[in-house]
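Hi everyone, thanks for coming. I'd like to walk you through one structure today, piece by piece. Have the picture open while I talk.

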Amino acid sequence: MPPPRRGNPLWAFLRNSWRQLTSMRTALVLLFLLAVAAVPGSIFPQRGVNRENVAEYFAENPELAPALDRFFAFDVYASPWFAAIYLLLFTSLIGCVLPRLRDHFRALTTVPPDAPKRLDRLPQHDQGQQRPEEPAAVAAEIAKRLRGRRFRTRVRETPEGWTVSAEKGYLKETGNLLFHIAMLGVLVGVGFGHWYGWHGNRLLVEGPDLGFCNSVTQHDESVLGPRVDPSDLPDFCLQMTAFEATFQTTGVPKTFQATVNVSEDGGDHYRSEKFTVNDPLRLDGATVNLLGQGYAPELRFTDRFGAQQTKVVPFLPIDGMLTSEGVVQYPDVNIDPATGKRDPTLQMGFEGLFLPTGGTDGSAQSKFPAADNPVLYLSAYRGDLGLDSGRPGSVYALDREQIADGDLKKISGERPYVLRPGEKWTLDDGSTLEFVDIRRFATISIRHDPTKVSLLVGSVVGLIGLMLSLYVHRRRVWFRVLPVGGDPAGGSVIEAGGLPRTDYPGFGDEFAALTRHVKEGTP
């Protein structure tokens, strides 16, 4: 006889690999790995969120940062290994859900099995109940009673008498499948949201002359999805006309509200809108969220030749009382009117602190976040600001290298100069700096999440499915109804058995109550 044919080893390997991938244990392991893989994204700064923080990390860690970058530590969510875990989890869930969905549909369309021969071997058993009615009527009544308790029932006639099979708790597997399908929907929503979503941040200063139109060039920070082109951004403009904030006596914020003029037709027509922290401004294709707030001093500089420049510069808060730090730079000043040439060594820069409520003790810390006693502490620098050096820098700090090299020199002495609204500071060359006014600014986030509704639906469905899978228990009960003494007219004797299909500590009490009601004929 020829030897038996063996299966294709490659096919066997692929089949076993697929079974392993689509097992529940593998899905749980991949879900855990996905959570672990997301941890570096919260530890290291991400290029997709803040490129400046990534550049600062490279400057502070010149040896470690390049090594981490080779493993995509600064692009975790766009890395190949994160995408591989994501896709494997997606594939595992699909391979796990589809066969279970088919088996669940088959179970829903299959009648409950007939009663076993030995009901006394089941975990729950009761016998000796007698009723005066005939077995057929008793079996029909039991089936009706079980259907009223949402059991799926089947009545069968046997040579000895009648049996009633009932089963309940299919919602447990339904909930389990709903949870997995919802998780698949969430994964799909996250993927499409990453592809077609975008967001940008903008610091919006109060005043009609400091408006903002939605474009990548006017975002302070922006991240576009791979499938989003800058021309796809919706066209709208904002002008913040007022910003109102209230605080508790301890300085804790109570309310924030921004009032803006909105135009969605290219700036031809504006309408007034208000939005707060928990009530964003909803526009066509974008949502504007209010994130934070602060102060922007308005300063006017008059150079030695009498030319004036006025700037409104936001100062960034550094504590809960809105003590803020910032920089005012005037690169185009002290231009000789006779030659029209700019001397880069005569550029002016001012840096310091703004206190909304300054104290009488001279401390450089605000006493309250409201502008009750505004004070501006400034130090003046003259020289080359380094704006043309090509080095990346921050608009909220002077170039420290220019100061260290002596190209930018401090001219205001050791102690900063104190300015209040309306006051003027005269420098050594006759130029002046005037503290004109204070404006408010709001930090806003403009977002478009095309799949947020599907993510919400998926989360709600997943929560419902999880609750069903945890709190619903599948169980079976059987009743065998036999005639007393073999004569149907002599009444019926009832034997019952119960089997919980899952861990269900309360099944004994439920079975006892059910058999008692059947015996007594009560609701």
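Okay, first a bit of vocabulary: two strands count as paired if DSSP finds at least two bridges between them. Also keep in mind that what you're looking at is a predicted model.

Let's use that word "bridge" straight away. Find strand E11, residues 286–302, and strand E20, residues 432–448. E11 and E20 pair in the antiparallel sense, over 15 bridges. Here's one of those pairings: Glu298 has Asp437 as its bridge partner in E20. And Glu298 has a second partner, Val312, over in strand E12. E12 covers residues 308–312, and it pairs with E11 over five bridges, again antiparallel.

What about the turn from E11 to E12? That's a hairpin with five residues between the strands, and Gly306 in it takes a positive phi near 90°.

E11 has another hairpin, this one with strand E10. E10 runs over residues 281–283 and pairs with E11 through three bridges, antiparallel as well. Leu283 is bridged to Ala286 of E11. In this hairpin there are two residues between the strands, and Gly285 has a positive phi near 90°.

So is E11 mostly buried or exposed? Of its 17 residues, 15 are buried, so the strand is largely enclosed by the rest of the structure.

Next, a sheet. Four strands make an open, antiparallel sheet, in the order E5-E7-E8-E9. Which strands stand at the edges? Those are E5, at 212–213, and E9, at 271–276; each has a single partner strand, so one side of each has no neighbour in the sheet. The partner of E9 is strand E8, residues 253–263, and the two pair antiparallel over six bridges. If you want a spot to zoom in on, Gln257 has Thr276 of E9 as its bridge partner.

Now over to the helices. Look for helix H6, residues 80–108, and helix H8, residues 170–196. Their axes come within 10 Å and cross at roughly 150°. An angle over 145 degrees counts as roughly antiparallel, and that makes H6 roughly antiparallel to H8. The crossing itself is left-handed. And what kinds of residues make up this contact? By class there are 17 nonpolar, five polar and two charged residues.

While we're here, let's talk rings. The count for this model comes to 19 aromatic pairs. Take Trp81 and Phe82: their ring centres are 6.5 Å apart and their planes sit at 75°, so the pair is edge-to-face. Trp81 counts as partly exposed, at 31% relative accessibility, whereas Phe82 is buried, at 11%.

Another edge-to-face pair is Phe192 with Trp195, at 5.4 Å centre to centre and 70° between the planes. Those two are three residues apart in H8, which means they're separated by about one helical turn. Phe192 is partly exposed, with a relative accessible area of 38%, and Trp195 is partly exposed too, at 36%.

There's also a cluster to look up: ring pairs link Phe301, Tyr330, Phe350, Tyr417 and Trp425.

Now for a couple of backbone oddities. Most residues other than glycine have a negative phi. With that in mind, try Arg150, where phi is near 65°, a positive value in a residue that isn't glycine. Where is Arg150? In the loop between helix H7, at 135–148, and strand E2, at 152–157. Arg150 is exposed, with 66% relative accessibility.

Leu322 has a positive phi near 65° as well. This residue sits in the loop between strand E13, at 316–317, and strand E14, at 324–330. Is Leu322 buried or exposed? At 8% relative accessibility, Leu322 counts as buried.

Last stop, back at H7. Pro135 lies in that helix and is buried, at 5% relative accessibility. Have a look at Pro135 together with Ser492: they're 357 residues apart along the chain, and their C-alpha atoms are separated by 5.3 Å.

That's my tour. Who'd like to ask something?

Methods. Residues are numbered from 1 along each chain as its sequence is written. This is a predicted model: local features need pLDDT of at least 70, side-chain atom pairs count only at pLDDT 80 or more; totals for chains, interfaces and linings use all residues. Side-chain values use heavy atoms; hydrogens and water are left out. Axes are lines fitted to C-alpha atoms, for helices over the stretch in contact, and angles run from 0 to 180 degrees between N-to-C directions. Angles under 35 degrees count as roughly parallel, over 145 as roughly antiparallel, 65 to 115 as roughly perpendicular and the rest as oblique. A crossing is left-handed if the near helix is turned anticlockwise from the far one by less than a right angle, and right-handed if clockwise. Ala, Val, Leu, Ile, Met, Phe, Trp, Tyr, Cys and Pro count as nonpolar, Asp, Glu, Lys and Arg as charged, and the others, Gly among them, as polar. Rings of Phe, Tyr and Trp (its six-membered ring) pair if their centres lie within 6.5 Å; planes under 30 degrees apart count as stacked, over 60 as edge-to-face and the rest as tilted. Buried means under 20% relative accessible area, exposed over 50%, partly exposed in between (1.4 Å probe, protein chains only).
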